[in-house]
Amino acid sequence: MEKVDLVVRSGKIVRSDGIFEAGIAVKDGKIVAIGEDYLLPKASQTIDAKGKFVLAGVIDPHVHMREPGIVEREDWITGTMAAAAGGVTTVLDHPNTIPPVNCARNLLAKKELVAGKALVDFVYLVGMALRALRT
């Protein structure tokens with residue numbers, strides 16, 4: 001196998017089928033191999049995870065980023081920064097903003113506002129906006 005970007009060695013890999021000691025090789029942001037350390041390719045960066053648990057990123061299916069409109073409570077930078085610090089890699093934003101995301105115009109405005117601010121992956125809950133598009 002060719003050189004990869006990252007190898008995390010000697011971790012305790014946590015999966016749905018159990019916990020086992022192994023390493024992970026990552027190339028272009030994707031896991032390309034999981035196996036015993038001696039089988040993993042050379043890497044540009046190596047992390048020794050001996051004795052540490054290695055988990056997949058968490059998805060938080062219910063967040064309220066409050067931007068636009070109520071940024072004194074939370075905005076996209078602080079909210080996604082906190083998510084990343086806690087191991088959350090994706091958030092599902094529920095509408096609780098001023099103006100609310102209740103039509104296509106407000107959804108597109110929110111999309112433009114958030115561009116470049118989010119530090120993790122995100123999805124908008126747009127059920128109300130989709131209903132508005134159909135009427």
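What volume does the largest cavity have? In this predicted model, the largest cavity has a volume of about 30 Å³. A search of the whole structure turns up one cavity of 30 Å³ or more. Its lining is a good place to start a tour of the structure: Asp 93, His 94, Pro 95, Val 101, Leu 107, Lys 110, Tyr 124, Leu 125 and Val 126 surround the largest cavity. Sorted by class, six of these lining residues are nonpolar, one is polar and two are charged.

One of the residues lining the largest cavity, His 94, deserves a closer look. His 94 sits in the loop between β7 (88-93) and α2 (104-114). Is His 94 buried or exposed? With a relative accessibility of 16%, His 94 counts as buried, because the limit for buried residues is under 20%. A polar atom of the His 94 side chain is found 3.0 Å from the backbone oxygen of Pro 61. Pro 61 also appears among the contacts of His 94, together with His 62, Val 63, His 64 and Leu 125, when residues up to four places away in sequence are not counted. Of these partners, Leu 125 is also listed in the lining of the largest cavity.

The nonpolar interior comes next. In soluble globular proteins, nonpolar side chains tend to be buried together. Here, the largest nonpolar core has twelve residues: Val 63, Met 65, Trp 76, Ala 83, Val 88, Val 91, Val 101, Leu 107, Val 114, Val 120, Tyr 124 and Val 126. Two or more residues of this core come from each of the elements α1, β7 and α2. A second core, separate from this one, has eight residues, including Leu 6, Val 8, Ile 13 and Ile 24. Within the largest core, Val 91 offers a helpful view of the packing. Apart from neighbours within four places in sequence, Val 91 is in contact with Asp 60, Val 63, Met 65, Trp 76, Ala 83, Val 120, Asp 121, Phe 122 and Val 123. The lists for the core and the cavity also overlap: Val 101, Leu 107, Tyr 124 and Val 126 are among the core residues, and these four names recur in the lining of the largest cavity.

Turning to pockets, the largest pocket has a volume of about 320 Å³. The elements giving two or more residues to the lining of the largest pocket are β1 (4-15) and β2 (18-27). With four residues, β1 provides the largest share of this lining. The full set of lining residues is Val 8, Ile 13, Val 14, Arg 15, Ile 24, Val 26, Ile 31, Val 54, Leu 55, Ala 56, Gly 57 and Thr 89. By class, nine residues of the pocket lining are nonpolar, two are polar and one is charged. Val 8, Ile 13 and Ile 24 occur in this lining and are also members of the second core.

Two exposed residues give a picture of the surface. Phe 53 belongs to strand β5 (residues 53-54). With a relative accessible area of 52%, Phe 53 is exposed, because the limit for exposed residues is over 50%. Leaving out residues up to four places away in sequence, Phe 53 touches Lys 12, Val 14 and Ile 19. The C-alpha atom of Phe 53 lies 5.9 Å from that of Gly 11, although 42 residues separate the pair along the chain. Ala 85 is placed in helix α1 (residues 76-85) and is exposed, with a relative accessible area of 73%. Between the C-alpha atoms of Ala 85 and Leu 39, which are 46 residues apart along the chain, the separation is 31 Å.

The backbone holds a few points worth checking by eye. Most residues other than glycine have a negative phi, and most peptide bonds are trans. Where are the exceptions? The peptide bond from Glu 67 to Pro 68 is cis, with omega near 15°, and Pro 68 lies in the loop between β6 (58-63) and α1. Another cis peptide bond links Ile 98 to Pro 99, with omega about 5°; Pro 99 is in the loop between β7 and α2. Ser 10, a residue of strand β1, has a positive phi near 60°. Arg 66 is not a glycine either, yet has a positive phi of about 70°. Like Pro 68, Arg 66 is located in the loop between β6 and α1. At 19% relative accessibility, Arg 66 counts as buried.

Technical notes
Residues are numbered from 1 along each chain as its sequence is written. This is a predicted model: local features need pLDDT of at least 70, side-chain atom pairs count only at pLDDT 80 or more; totals for chains, interfaces and linings use all residues. Side-chain values use heavy atoms; hydrogens and water are left out. Buried means under 20% relative accessible area, exposed over 50%, partly exposed in between (1.4 Å probe, protein chains only). A polar contact is a pair of N or O atoms within 3.5 Å; within protein, one must be able to donate a hydrogen and the other to accept it, and residues adjacent in sequence count only if both atoms are side-chain atoms. Contact means heavy atoms within 4.5 Å. On a 1 Å grid over the protein atoms alone, a cavity is a set of points where a 1.4 Å probe fits but cannot get out, and a pocket is an open set with protein on both sides within 12 Å along at least five of seven lines; lining residues have an atom within 4 Å of a point. Grid points are joined across faces, edges and corners, and a volume is the space filled by probe spheres set on the points. Ala, Val, Leu, Ile, Met, Phe, Trp, Tyr, Cys and Pro count as nonpolar, Asp, Glu, Lys and Arg as charged, and the others, Gly among them, as polar. A nonpolar core is a set of buried Ala, Val, Leu, Ile, Met, Phe, Trp, Tyr and Cys residues joined through side-chain atoms within 4.5 Å.
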